[in-house]
Amino acid sequence: MRLVSVILFVAVCSFTAYYIYEPIPEEIEERWKLMLTNSFFRSLSHLADLSELLGLKDYMGVMYFITLAERVVPVSDEHVKVTEEKFDGVEVVLYQPKQQGVDTELRRAVIYLHGGGWCLGSSRMSPYDLLARKMVTELDAVVLSVEYRLAPAHHFPVPYEDVYRVVKHFLQKGVLAQFSVDPGRIAVAGDSAGGNLAAAVSQQLQKEPGRQIHLKAQALLYPVLQALDLNTPSYQQNQDMPILPRTLMVRFWSEYFTSDKALFRAMMANTHNNPESSSLLKFVNWSAFLPETYHRKYNYSAPAVVQGVGGHAVGMDGLSLSFADPRASPLLVPDTALHSLPKAYVLTCEYDVLRDDGIMYVTRLRAAGVKVTHEHYDTGFHGALMFTLWPTDFLIADRMTENYIKWLKENL
């Protein structure tokens with residue numbers, strides 16, 4: 001009986017070790033902690049696949065558990081006043097420094113857009129709540145965290161439009177005065193999909209004729225910036241990397257546009273481009289915009305162009321699936337649309353499928369004369385900035401947070 005127990009125990013331990021272990025690059029710090037963390041994400045992803053296969057709940061509906069598990073009720077503390085508001089019908093969480101006596105000094109402001117692939121995430125998750133409080137206390141800033149609606153319930157352009165409405169509402173003189181914000185010291189920032197929205201909003205604001213209040217800065221933290229080529233060197237190199245494997249990023253992209261699985265299959269094969277988007281492939285030609293050191297062993301091959309997607313018309317589910325829309329893919333704007341953008345901070349990670357999106361944007365912004373600070377983490381992985389709370393707290397997250405806030409302090 002004891003022998004059977006020992007054999008069973010060894011078998012369970014061996015299976016657990018086999019399941020948890022992943023061939024993560026040696027350069028990544030705290031590798032075993034990342035393996036353990038990612039084993040949870042992989043398990044949830046497998047459960048989500050099974051649930052969708054059985055018709056119980058769609059994939060993103062199950063994955064949304066991550067958002068619910070981290071959810072908190074943002075409340076005021078001794079240093080930060082927190083209120084939940086609606087700006088032009090969109091929910092926001094507003095963080096302000098608690099005033100000591102009569103305070104008439106105007107402050108910086110940061111409009112923050114959370115990540116999560118447009119399908120997951122919330123400004124009310126504990127890591128975002130913690131980050132907002134750090135920005136308030138260390139920058140003496142007003143922080144506006146936007147609770148935009150999510151796909152697949154709300155496909156593109158709804159999440160973008162929610163964010164754009166909030167930003168336009170906030171940039172009114174009367175609203176800024178209400179919260180003691182200096183009109184000349186406002187930034188928009190976001191991570192991952194939030195970085196996508198931040199870049200898109202920055203571009204669209206400059207197109208408004210007669211706009212009196214402009215953004216001073218944009219901070220894009222491992223942003224996703226283009227949907228045309230999902231086979232860049234970083235997509236290939238990091239296709240099985242923890243937190244955001246290529247399959248999940250492609251699923252986020254497809255769900256952002258439509259729930260039709262034909263698009264997901266086409267995007268996985270990188271055969272989703274149509275004649276409308278093909279003329280813009282020049283803006284995501286990584287052989288031209290990616291420094292040689294990031295080419296690695298890969299050779300450029302232009303994505304295939306097909307008529308329709310997966311044998312379907314491009315207008316699936318009544319949507320106009322335009323991969324050429326810069327509100328979805330900010331990297332696709334011509335050079336003339338980049339010149340007047342605000343100064344930028346771009347954070348990229350070596351072990352991230354989105355690495356090349358950020359680096360190509362850095363190249364193009366600099367060529368257009370925009371002042372850019374590019375912070376590349378050779379040991380970084382996607383989503384690292386959000387791993388700041390026990391038991392999934394990583395040292396690299398603290399460094400990223402410190403450097404990001406330091407840049408805002410010096411540039412906003």
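Select Val110 and Ala187: in this predicted model, Val110 stands opposite Ala187 of strand β5. Now widen the selection to the two strands around this pair. Strand β3 covers residues 107-113 and β5 covers residues 181-191; they pair in the parallel sense, over 6 bridges.

Keep Ala187 selected and add Ala217, its bridge partner in β6. Strand β6 spans residues 217-221, runs parallel to β5 and is joined to it by 5 bridges. To follow the chain between these two strands, show residues 193-205. This is helix α8, through which the chain crosses from β5 to β6, and the β-α-β crossover is right-handed.

Next, go to helix α11, residues 261-268. Select Ala262, Leu263, Phe264, Ala266 and Met267, which are buried. Add residues 246-257 to see α10, which is part of what covers the buried residues of α11.

Then look at the two ends of α11. At the N-terminal end, select Asp260, which caps the helix: one of its side-chain oxygens lies 2.8 Å from the backbone nitrogen of Ala262. Just after the helix, select Asn270, where phi is positive, at about 60°.

The last stop is a pocket. Select Glu91, Glu147, Tyr148, Arg149 and Leu150; of the 14 residues that line the second largest pocket, these lie nearest its centre. The volume of this pocket is about 200 Å³. To show more of the surroundings, add strand β2 (90-97) and helix α6 (158-170), each of which supplies at least two residues of the lining.

Key. Residues numbered from 1 in each chain as written. Predicted model: local features only at pLDDT ≥ 70, side-chain atom pairs only at ≥ 80, totals over all residues. Heavy atoms only, no water. Pairing = 2+ DSSP bridges. Helix = DSSP H or I, 4+ residues; strand = E, 2+ residues; numbered from the N terminus. Right-handed = clockwise from strand over helix to strand, strands pointing away. Buried < 20%, exposed > 50% of the residue type's maximum accessible area, 1.4 Å probe, protein only. Contact = heavy atoms within 4.5 Å. Polar contact = N/O pair within 3.5 Å; in protein donor to acceptor, adjacent residues only side chain to side chain. 1 Å grid on protein atoms, 1.4 Å probe; cavity = no way out; pocket = protein on both sides within 12 Å on 5 of 7 lines; lining within 4 Å. Points joined across faces, edges and corners; volume = space filled by probe spheres on them.
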